[in-house]
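Here are some short exercises to work through at your own pace. Try each task on the model first, then follow the solution step by step.

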Amino acid sequence: TRTYIVTGSASGIGATTAEMLRARGEKVIGIDLRNADIEADLSTPSGRQTAAARAIELAEGRIDAVIACAGISAPIPATISVNYFGVTELLTALLPALSKSDAPRAAVVSSMASLQPNSPEMVEAALAGDEEKAVAIAAELAAQGPEIGYLVYPSSKRALSRWVRRASITPEWAGAGIPLNAVAPGTVVTPMTAQLLATPEGTAMVDAAVPMPLNYHQPPESIASLLLWLTSVENTHLAGQVIYDDGGADATLRGDDI
Ligand code: NAD
């Protein structure tokens, strides 16, 4: 049995991932705001530290894999805190317990939205570890209404994808034998997208931004099964990748430009 920490375990992709792992007989410790083994707010530094300490305690010191799914898409400053710092700080705090595993692994959920227009200043502030500055930039954008405020989401995911590429090859991750990767979904049918997909107008807007020629909107299982492989013992050499599991959205939008 391997011990997995799954964030966002109460809903959507995280809930499906936790279910699939449990069905395979793995031990899962879920983290979420509510309805989880560990109820913590990953939007704050203290919430992240409490969650990490409790996870290490419940795992009895040894964690085999971390799968970070918790995230929000709202045009609000908290989106950069949860989606970037809530992932990177938690993963970093769990490194000592991962190093106790024979086959440690980590995977995070980014988004194809990381390719959309974003705020380079916010991305740089996040990568510099400056949460205060990143949140201040997000607050300025959010104050200009939901359309401009939406930039916070792609910025948070852009920063997260870049962090994965940078961190994955450092002594702490690759050097410690820990594959670290990201999955970038297209449009997944979960509570996050339910409201948008409930109307033809919302659906048309989403589909214009995220074209999915292969099998259209995806179930959370399509992401969960990839997260399971990335964090399995079988993954020995895949590191630092942002894998677009998105029905062909990235290939459609970027074409040859990779
Ligand atoms: P979801 O809303 O169903 O689940 C997200 C979970 O994260 C919820 O249970 C929520 O409570 C938790 N969460 C939010 N803020 C938190 C906080 N401060 N502390 C702890 N937990 C918190 O959404 P989902 O669709 O399953 O999304 C999972 C991940 O996939 C997110 O990172 C999202 O950005 C990403 N993603 C989703 C889609 C999509 O179309 N649904 C597309 C691309 C990427």
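**Exercise 1: The ligand shell**

The residues of the shell around the ligand comprise 13 nonpolar, 11 polar and two charged. Here Ala, Val, Leu, Ile, Met, Phe, Trp, Tyr, Cys and Pro count as nonpolar, Asp, Glu, Lys and Arg as charged, and the others, Gly among them, as polar. Before going on, note that this is a predicted model, in which local features need pLDDT of at least 70, side-chain atom pairs count only at pLDDT 80 or more, and totals for chains, interfaces and linings use all residues. Residues are numbered from 1 along each chain as its sequence is written.

Task: find which residues are closest to the ligand.

Solution. Step one: 26 residues surround the ligand (C-beta atom, placed from the backbone, within 6 Å of it). Step two: the closest of them are Gly8, Ser11, Gly12, Gly71 and Thr190. Step three: helix H1 (12-23) and helix H8 (191-197) are the elements that give two or more residues to this shell. Helices (H or I, at least four residues) and strands (E, at least two) are DSSP runs, numbered from the N terminus.

**Exercise 2: The sheet**

Task: work out the order of the strands and identify the edges.

Solution. Step one: the protein has 11 helices and seven strands. Step two: the seven strands form an open sheet in the order E3-E2-E1-E4-E5-E6-E7, with parallel pairing; two strands pair if DSSP finds at least two bridges between them. Step three: strand E3 (38-39) and strand E7 (242-245) each pair on one side only, which makes them the edge strands.

Next, what packs on the sheet? H1 does, touching strand E1 (3-7), strand E2 (27-32), E4 and E5. The direction of H1 makes about 165 degrees with that of E1 (axes are lines fitted to C-alpha atoms, for helices over the stretch in contact, and angles run from 0 to 180 degrees between N-to-C directions).

**Exercise 3: Strand E6**

Task: trace the neighbours of E6 and say whether its residues are buried or exposed.

Solution. Step one: E5 and E6 pair in the parallel sense over four bridges, and valine 108 has alanine 182 of E6 as its bridge partner. Step two: on the other pairing, four bridges join E6 to E7, where valine 242 is the partner of alanine 182. Step three: six of the six residues of E6 are buried (20 or more other C-beta atoms within 10 Å of a residue's own; exposed means 12 or fewer, partly exposed in between, with C-beta atoms placed from the backbone).

Step four: in a regular strand the side chains alternate between the two faces of the sheet. In E6, Leu180, Ala182 and Ala184 point one way, and Asn181, Val183 and Pro185 the other way. Step five: helix H10 (residues 220-230) lies across E4, E5, E6 and E7, at about 170 degrees to E6. Among the buried residues of H10 are Ile223, Leu227 and Leu230.

**Exercise 4: Proline 75**

Task: explain why proline 75 is classed as partly exposed.

Solution. Step one: proline 75 lies in the loop between E4 and helix H3 (78-98). Step two: proline 75 is partly exposed because 19 other C-beta atoms lie within 10 Å. Step three: leaving aside neighbours within four places in sequence, proline 75 is in contact with Ala142, Pro146, Gly149, Tyr150 and Val152 (contact means C-beta atoms, placed from the backbone, within 7 Å).

Conventions: Two residues are in contact if their C-beta atoms, placed from the backbone, lie within 7 Å.
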